[in-house]
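Colleague: Could you walk me through this one slowly, and tell me the reason behind each label you use?

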Amino acid sequence: MATAVLHYMAAAVTDRGRKRSSNEDAFGYSVEDGVYVVCDGMGGAAAGEIASSLAVDEVLRLVTANGHNGHAHLPDSAEQAILAANEAIYSRGQRNRRLSGMGTTLVALAVQESHAWVLNIGDSRCYRLRKDRLEQLTVDHSLVEEQVRIGRMSRTEALRSPLKNVITRALGTQCRVTPDIFELEAEPGDLFLLCSDGLTRELSDPVIESLLAGDRPLEELCARLVDAAKKAGGHDNITCLLVRAA
Ligand code: CA
C-alpha cells in the first residue's frame with residue numbers, strides 16, 4: 001500500500017513577554033519548502049536581535065534557494081544553511097566590535113513528505129504531540145542538561161539552578177558549530193512545536209501537553225501557549241511555532 005501524502009500547515013507567535021524591553025527571539029518558515037525555524041538571540045545592546053533574525057533569514061534564504069534548484073537533499077541543505085548562517089553571524093561579530101560575541105540558539109524542522117528532520121543548537125526545543133502525548137525530540141545544549149545527563153543534578157535542581165541560562169552550544173559565537181540532527185517519520189495528526197526557552201521555563205511539559213490537546217486551529221493553540229506563559233510570569237521572550245501534519 002502506498003503511503004498517504006502528508007500536507008503541512010503552520011502558525012507561529014512571538015511575544016516580548018512581561019519583563020523584557022525587547023524581543024530577541026525570531027522565527028520564520030516556508031510551508032512550500034518544508035522548513036521551519038525558531039531562534040533565540042543573545043548579546044549586548046541589539047546584538048541578540050540581529051543574531052536571531054540573521055540566522056532565520058539566512059537559513060530560509062538558502063534552503064529556499066536550494067529547493068528551487070531542485071536537486072538538494074533537504075536535511076543536507078538545511079545543515080549547510082545552518083553552517084552558512086553561523087559563518088555570517090560570526091564574521092559580522094568579528095567585523096563590528098559592538099556585535100562581538102553575539103549568538104543565537106536555533107531549532108529547525110525540515111519536512112519532505114513523511115520524512116522529517118529536526119536540527120538544533122542551544123536550548124530552544126522541538127516537541128512532537130502524537131495522539132495527545134507530548135515528547136521532547138531535542139536535547140538542550142545547556143550546562144544543566146549536561147549535569148542531569150551525568151547524574152550530578154536532578155531535573156528539579158536543574159530548573160532552579162542559577163546556571164540554567166548557560167548554553168554550551170550557540171550559533172555565531174565560534175567559527176565552527178555542529179547541530180544535532182534527529183531523523184523521524186511524520187504521521188497524519190502529528191503536531192510539532194518549536195519554541196524558545198521563554199515558553200519552557202514558564203510551563204512544564206504536562207501543562208504544554210494539556211494546552212495542545214484537542215483539534216483546535218493552530219493560531220488558537222499558539223495564543224493559548226503564549227497567554228499561559230505570560231500568566232506564569234513571562235520573564236523572557238516567548239516564541240512558539242506549530243506545524244501540523246495532515
Ligand atoms: Ca530566551
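What follows is a chat about the labels put on this predicted model.

Colleague: Let's start with salt bridges. Why is the contact between Glu 58 and Arg 61 called a salt bridge?

Modeller: The cut-off is within 4 Å, from a side-chain nitrogen of Lys or Arg to a carboxyl oxygen of Asp or Glu. For Glu 58 and Arg 61 the N to O distance is 3.1 Å, so the pair passes the rule. Both residues lie in helix α1 (residues 47-69), 3 residues apart, which is about one turn of the helix.

Colleague: And what makes Glu 58 buried or exposed?

Modeller: Buried means under 20% relative accessible area, and exposed means over 50%. Glu 58 has 16%, so Glu 58 counts as buried. Its partner Arg 61 has 48%, so Arg 61 is partly exposed.

Colleague: How do you know that Arg 244 and Asp 215 form a salt bridge?

Modeller: Their closest N and O atoms are 3.5 Å apart, and the limit is 4 Å, so this pair counts too. Arg 244 sits in strand β11, while Asp 215 is in the loop between α6 (205-212) and α7 (218-231), so the pair ties together parts that are 29 residues apart in sequence. Arg 244 is buried because its relative accessibility is 12%; Asp 215, at 71%, is exposed. By this rule the count comes to 15 salt bridges.

Colleague: Now the strands. What makes β11 "mostly covered"?

Modeller: In strand β11 (residues 238-245), 8 of its 8 residues are buried. Both faces are covered: one side has Ile 238, Cys 240, Leu 242 and Arg 244, and the other has Thr 239, Leu 241, Val 243 and Ala 245.

Colleague: How do you know that β11 pairs with β1 and β10?

Modeller: Two strands pair if at least two bridges are found between them. β1 and β11 have 8 bridges, in the antiparallel sense, with Met 9 opposite Arg 244. Strand β10 (residues 191-195) and β11 have 5 bridges, also antiparallel, and Leu 193 has Leu 242 as its bridge partner. Both pairings meet the rule, so they count.

Colleague: Why are β1 and β8 called edge strands?

Modeller: The open sheet has 5 strands in the order β1-β11-β10-β7-β8. β1 (8-15) and β8 (133-136) each pair on one side only. On the β8 side, 4 bridges join strand β7 (residues 125-130) to β8, and Leu 129 has Leu 134 as its partner.

Colleague: What makes the phi of Asp 132 worth pointing out?

Modeller: Most residues other than glycine have a negative phi. Asp 132 has a positive phi of about 65° although it is not a glycine. Asp 132 lies in the loop between β7 and β8, and at 48% relative accessibility counts as partly exposed. Glu 113 also has a positive phi, near 50°, and is found in the loop between β5 (106-112) and β6 (115-121). At 59%, Glu 113 is exposed.

Colleague: Last one: how do you know that helix α2 spans about what is expected?

Modeller: The expected span is 1.5 Å times one less than the number of residues. Helix α2 (residues 74-95) has 22 residues and reaches 31 Å from first C-alpha to last, close to the expected 32 Å. Its buried residues include Leu 74, Ala 81 and Ile 89.

Key:
Residues numbered from 1 in each chain as written. Predicted model: local features only at pLDDT ≥ 70, side-chain atom pairs only at ≥ 80, totals over all residues. Heavy atoms only, no water. Helix = DSSP H or I, 4+ residues; strand = E, 2+ residues; numbered from the N terminus. Buried < 20%, exposed > 50% of the residue type's maximum accessible area, 1.4 Å probe, protein only.
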